Amino acid sequence: MSEKSAARKKAGSINAKQYGMLIALIVIYLIFTLLSGGKNASPMNINNLFMQNSYVVILAVGMLLCVLTGNVDLSVGSVVAFTGAICAIFVLDLRMSIPLAFLLVLLSGVLIGMWQGVFIAYLRVPPFVVTLANMLIFRGLTLVVLNGQTKGPLPAGYVTIGAGYLPEINTYFLGRTKVEMLSVLSGIAGSLLAIFMEVRSQRKKSSYGFAVPPLWQTAAKLAIIIVIINFFTVKLALYNGLPVVLAIMLLLIVIYTFLTDNTVPGRQIYAVGGNANAARLSGIKTQRVMFWIYTSMGLMSALAGIVLSARNASATPKAGDGFELDAIAACYIGGAAALGGSGTIMGAVVGALIMGVLNNGMSLIGWSVDVQKVVKGLVLLGAVTVDLLSKKRNA
């Protein structure tokens, strides 16, 4: 086999891994659609799928940066609960304006992330230990500030960020079926953006002499992405349109994708995850990289805390329980390497959607919480095992 053919084969295998998770998402979704008698595909359920699992996507976006370095953050569930609690207290007890409360809570999340970053990056305490300790600390602080009680109900302006919708542009198909056109147009725009980004990526790789996958694989990948995008947006168009929290998630995905794919800090994160010692010797300030990664995770946790409390219209002591596991699982299921150095934001988002479809589908067909945990555990174990075996084959 020639060197060029070998390179194309390697590029094709990488591309196959990327859209393999998309195929898995479709298969899992179809299985639960059949098992639920079609309930899984109803417009209302699609809407609930995004709203109920928005926290997984938000946390997975931040968690991927930790996973890229071969680490995780176990404290995010507790930080979600704590930030949601103080936000509710700001609004209800201190009569603070909602925008100011949101701003202060996001700043609190940044400070929490910096607090953890100092121990991890500069005091060299293992991330597992630091985040485990803070998981206990912030869960305890949540109980203290809420006095063990639920704080609510929250005002309508607050709730909008987690349960509201963007302004609707309605029309009627055949004079009877209401269709929200902003959702439809968003699906078309998303499809065009996906095509543009893929073509741009292929041209960029070719210009640098990197191997690109076969055309049929790229076309198949784009076809799957376009089908998924428009399926969801059309379903949302048949309900109440685009949820506010979906717009927030899309903005985060764009920002973090640009950060990891097109900036020097993004490349430094991958370098630190691939080989921290080599990255340090090449001049990368690895301590600073680790510090800002966990600062970012604190910010995402605070945002998830606001969204969750808004979705529930209240803050509860048990909020965020187990969220760290869903976020970590989303990254690994989405193709991030177990040892760090490899993974994408879009992969983490697809992993989060798979977790969401599993949660939603198993609830619809009446499976107990115990069985749900077993299934999610098996899916996570399978994803990590496949990743490690594939690396051994390619070594």
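## A guided tour from a loop to a pocket and a core

Start by selecting Gly152, which sits in the loop between helix H6 (127-146) and helix H7 (156-163). Keep in mind as you look around that this is a predicted model. Is Gly152 buried, partly exposed or exposed? Its relative accessibility is 40%, so Gly152 counts as partly exposed, since that class lies between the 20% and 50% cut-offs.

Now show the surroundings of Gly152. Setting aside neighbours within four places in sequence, you will find Leu92, Ala313 and Ser314 in contact with Gly152. Next, add Ser207 to your selection and draw a line between the two C-alpha atoms. Gly152 and Ser207 are 55 residues apart along the chain, and their C-alpha atoms are separated by 56 Å.

Your next stop is Ile328. Select residues 323-333 to display helix H14, and you will see Ile328 within this helix. Ile328 has 10% relative accessibility and therefore counts as buried, the cut-off being under 20%. Which residues does Ile328 touch, not counting those up to four places away in sequence? Highlight Met63, Val72, Asp73 and Leu74 to see them. Then pick Cys66: although Cys66 and Ile328 are 262 residues apart along the chain, 9.4 Å separates their C-alpha atoms.

Stay with H14 for a moment, because it takes you to an open space. H14 is one of the helices that each supply at least two residues to the lining of the second largest pocket. The others to colour are helix H2 (43-52), helix H3 (54-68), helix H13 (286-312), helix H15 (345-364) and helix H16 (369-394). Which helix gives the most to this lining? It is H16, with six residues.

To find the middle of the second largest pocket, select Tyr55, Asp321, Phe323, Asp326 and Lys376, the residues nearest its centre among the 28 that line it. The space inside comes to about 730 Å³. Try colouring the lining by residue type: 11 residues are nonpolar, 11 are polar and six are charged.

Finish in the largest nonpolar core, which has 105 residues. Phe50, Ile58, Leu59, Met63 and Tyr158 have the most contacts inside this core. H13 gives the most to the core, with 14 residues. You have already met Met63, as one of the residues touched by Ile328.

For a last close-up, zoom in on Ile58. Leaving out neighbours within four places in sequence, Ile58 is in contact with Met249, Leu252, Met300, Leu303, Ala304 and Val307.

Definitions and conventions:
Residues numbered from 1 in each chain as written. Predicted model: local features only at pLDDT ≥ 70, side-chain atom pairs only at ≥ 80, totals over all residues. Heavy atoms only, no water. Helix = DSSP H or I, 4+ residues; strand = E, 2+ residues; numbered from the N terminus. Buried < 20%, exposed > 50% of the residue type's maximum accessible area, 1.4 Å probe, protein only. Contact = heavy atoms within 4.5 Å. 1 Å grid on protein atoms, 1.4 Å probe; cavity = no way out; pocket = protein on both sides within 12 Å on 5 of 7 lines; lining within 4 Å. Points joined across faces, edges and corners; volume = space filled by probe spheres on them. Nonpolar A, V, L, I, M, F, W, Y, C, P; charged D, E, K, R; others polar. Core = buried A, V, L, I, M, F, W, Y, C linked by side-chain atoms within 4.5 Å.
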